[in-house]
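Thanks for coming, everyone. I'll put the structure up and walk through a few local features.

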Amino acid sequence: MALIKCGECGNDVSTAAKTCPKCGAKVTKRTSRATKALGALFGVAIIAGIVQSNDETVAKQKAETARQAAMTPEQRAAEEAAKTKRTAQIQLAGAGAVALKKSMKDPTAFELTSLVLMPDGTACYEFRGKNSFGAIFPTSAVATSKGKLLTQERDKNAFVKAWNDACTKAGGEDLTTIVKQILLD
């Protein structure tokens, strides 16, 4: 234990003491230079990280602005049409999950475990539901790009063909978390 000077009376006080034995003033512990230097270094690192992150965001925004400026009106229209089409596909995939939930014998037992939207617009669903005997079972469904909803139990061979043709390929977008939020509302 070291001795420090009391800030009120100047008496020598132990660093372990809470108050000065002479005047009763609360002992304020001084922060070491090393601790101050470490704190300052940490603060500088945080500020540098924020500035760098902001610089990256600005650079990305500038690059996107430059990319869009270099596009012809036809390219911009095609890109906007592709975004609109993809938004419609996402909405249809969500509507398919809602329809699956409503078709269950016990909709409250429905649990979406996976929803992958393929580039062609096919939605591949994996979910759990309750059967007539009260058992919870895993199953699958496919909403084809043509708008037909096929389930494993009801559409057997057509479902298997659609699943193998579309859902076994790479490149899909996982929408599970987004659609689960819709199903909770």
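**Salt bridges, a helix and a patch**

Start with E79 and K83. They form a salt bridge, with the closest N and O atoms 4.0 Å apart. Both sit in helix α2, residues 73-103. They are four residues apart there, so about one helical turn separates them. The general rule fits here: an α-helix has 3.6 residues a turn, so residues three or four places apart point the same way. How exposed is each partner? E79 is partly exposed, because its relative accessibility is 24%. K83 is partly exposed too, at a relative accessible area of 45%.

A word on the source before I go on. This is a predicted model. Please keep that in mind for every distance I quote.

Next pair, again from α2. R86 makes a salt bridge with E173, and their closest N and O atoms are 3.1 Å apart. This pair links distant parts of the chain. R86 is in helix α2, E173 is in strand β7, residues 173-174, and their positions lie 87 residues apart in sequence. R86 has a relative accessible area of 21%, so it counts as partly exposed. For E173 the value is 34%, which also means partly exposed.

Third pair: R128 and E111. Their side chains meet in a salt bridge at 3.8 Å, N to O. R128 belongs to strand β4 and E111 to strand β3, residues 111-117, so the bridge ties together parts 17 residues apart in sequence. R128 is partly exposed, at 33% relative accessibility. E111 is partly exposed as well, at 39%.

Now back to the opening pair. Which residues share partners with E79 and K83 in one network? Salt bridges with shared partners join E64, R67, E79 and K83. How many salt bridges does the whole structure hold? The search finds nine.

On to helix α3, residues 156-167. Its 12 residues should span 16 Å at 1.5 Å a residue. The C-alpha atoms at its ends are 15 Å apart, which agrees. Which α3 residues are buried? F159, A162, W163, A166 and C167 are. They cover an arc of only 100° around the axis, so they lie on the same side of α3. Turn to the other side of the helix, and N157 and K161 are exposed. What do the buried residues pack against? They pack against β4 at 123-130, β5 at 136-143 and β6 at 149-151. Strand β4 has come up already: R128 of the third salt bridge lies in it.

Now the surface. F42, I46 and I50 make a nonpolar patch of about 320 Å². F42 lies in helix α1, residues 33-70. Is F42 buried or exposed? Its relative accessibility is 57%, and the cut-off for exposed is over 50%, so F42 counts as exposed.

Last stop, T15. This residue is in the loop between β2, residues 12-14, and α1. T15 has a relative accessible area of 26%, so it is partly exposed. How far is T15 from L184? In sequence, 169 residues; in space, 57 Å, C-alpha to C-alpha.

To recap. R86 and E173 link distant parts of the chain. Helix α3 has buried residues on one side, with N157 and K161 exposed on the other. And α1 carries F42, one of the residues in the nonpolar patch. That's my tour. Questions, please.

Conventions:
Residues are numbered from 1 along each chain as its sequence is written. This is a predicted model: local features need pLDDT of at least 70, side-chain atom pairs count only at pLDDT 80 or more; totals for chains, interfaces and linings use all residues. Side-chain values use heavy atoms; hydrogens and water are left out. Patches are made of residues with over 30% relative accessible area and no salt bridge: like charges are joined within 9 Å, nonpolar side chains (Val, Leu, Ile, Met, Phe, Trp, Tyr) within 5 Å. Accessible areas come from the Shrake-Rupley method with a 1.4 Å probe; for residues, only the protein chains shown count as cover. Helices (H or I, at least four residues) and strands (E, at least two) are DSSP runs, numbered from the N terminus. Buried means under 20% relative accessible area, exposed over 50%, partly exposed in between (1.4 Å probe, protein chains only). The expected span of a helix is 1.5 Å times one less than its number of residues. The arc is that of the directions from the helix axis to the C-beta atoms. Contact means heavy atoms within 4.5 Å.
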